[in-house]
Amino acid sequence: MSGIRNWRRQAGSLLVWWAVVTLVLVLLSAALGRPVTLVGCGASAVLLIAVGEAVNGLRQRLRHRTRRAG
């Protein structure tokens, strides 16, 4: 049961990050006078979050590997 709860917590966290990043991108595009659709900002937010999560996973893996070796 804890695996499902952990998965839901992770999914909820990513959903909140996606909403926040999408909103920031929409507001930033409006402030710069370059209107972008909500769908475009949402897609960009998905890309930014995916790259950030991938880099974070690599960083944690490398940290774990260096602690084992050292």
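**View 1. Helix α2 as part of the cover over helix α1.** Among what covers the buried residues of α1 is α2, which runs over residues 38-69, and the buried residues of α2 in turn pack against α1. The model shown in this and the following views is a predicted one. On the α1 side, the buried residues are Val21, Thr22 and Ser29, while on the α2 side Cys41, Gly42, Ala45 and Ile49 are buried.

**View 2. The surroundings of Thr22 in helix α1.** Thr22 has its place in helix α1, and with a relative accessible area of 6% this residue is buried, given that buried is taken to mean under 20%. Leaving aside residues up to four places away in sequence, Thr22 touches Leu38, Cys41, Gly42 and Ala45. Of these partners, Cys41, Gly42 and Ala45 are themselves listed among the buried residues of α2.

**View 3. A nonpolar surface patch that includes Val20.** The residues Val16, Trp17, Val20 and Val24 form a nonpolar patch on the surface, and together they have about 390 Å² of accessible area. Val20 belongs to helix α1, which covers residues 2-31, and the relative accessible area of Val20 is 42%, so this residue counts as partly exposed. Thr22, also in helix α1, is by contrast buried, at 6%.

**View 4. The lengths of the two helices and the residue following α1.** For α1, the 30 residues should span 44 Å at 1.5 Å a residue, and the end C-alpha atoms lie 43 Å apart, which agrees with that expectation. For α2, the 32 residues should span 46 Å by the same rule of 1.5 Å a residue, and here the end C-alpha atoms are 46 Å apart, again in agreement. Just after α1, Gly33 adopts a positive phi of about 75°.

**View 5. The protein chain as a whole, for orientation.** The protein chain contains two helices and zero strands. Its radius of gyration is 17 Å, well over the 11 Å that the globule rule gives for 70 residues, and the chain is therefore more spread out than a compact globule. Along its principal axes, the C-alpha trace spans about 50 × 35 × 15 Å. Of the 70 residues, 10% count as buried, and the chain exposes about 6,100 Å², of which carbon and sulfur atoms supply 67%.

Conventions: Residues numbered from 1 in each chain as written. Predicted model: local features only at pLDDT ≥ 70, side-chain atom pairs only at ≥ 80, totals over all residues. Heavy atoms only, no water. Helix = DSSP H or I, 4+ residues; strand = E, 2+ residues; numbered from the N terminus. Rg over C-alpha atoms; globule rule 2.2 N^0.38 Å. Buried < 20%, exposed > 50% of the residue type's maximum accessible area, 1.4 Å probe, protein only. Areas by Shrake-Rupley, 256 points an atom, 1.4 Å probe, with all protein chains shown as cover. Patch = residues over 30% accessible without salt bridge, like charges linked within 9 Å, V, L, I, M, F, W, Y side chains within 5 Å. Salt bridge = Lys/Arg side-chain N within 4 Å of Asp/Glu carboxyl O. Expected span 1.5 Å × (residues − 1). Contact = heavy atoms within 4.5 Å.
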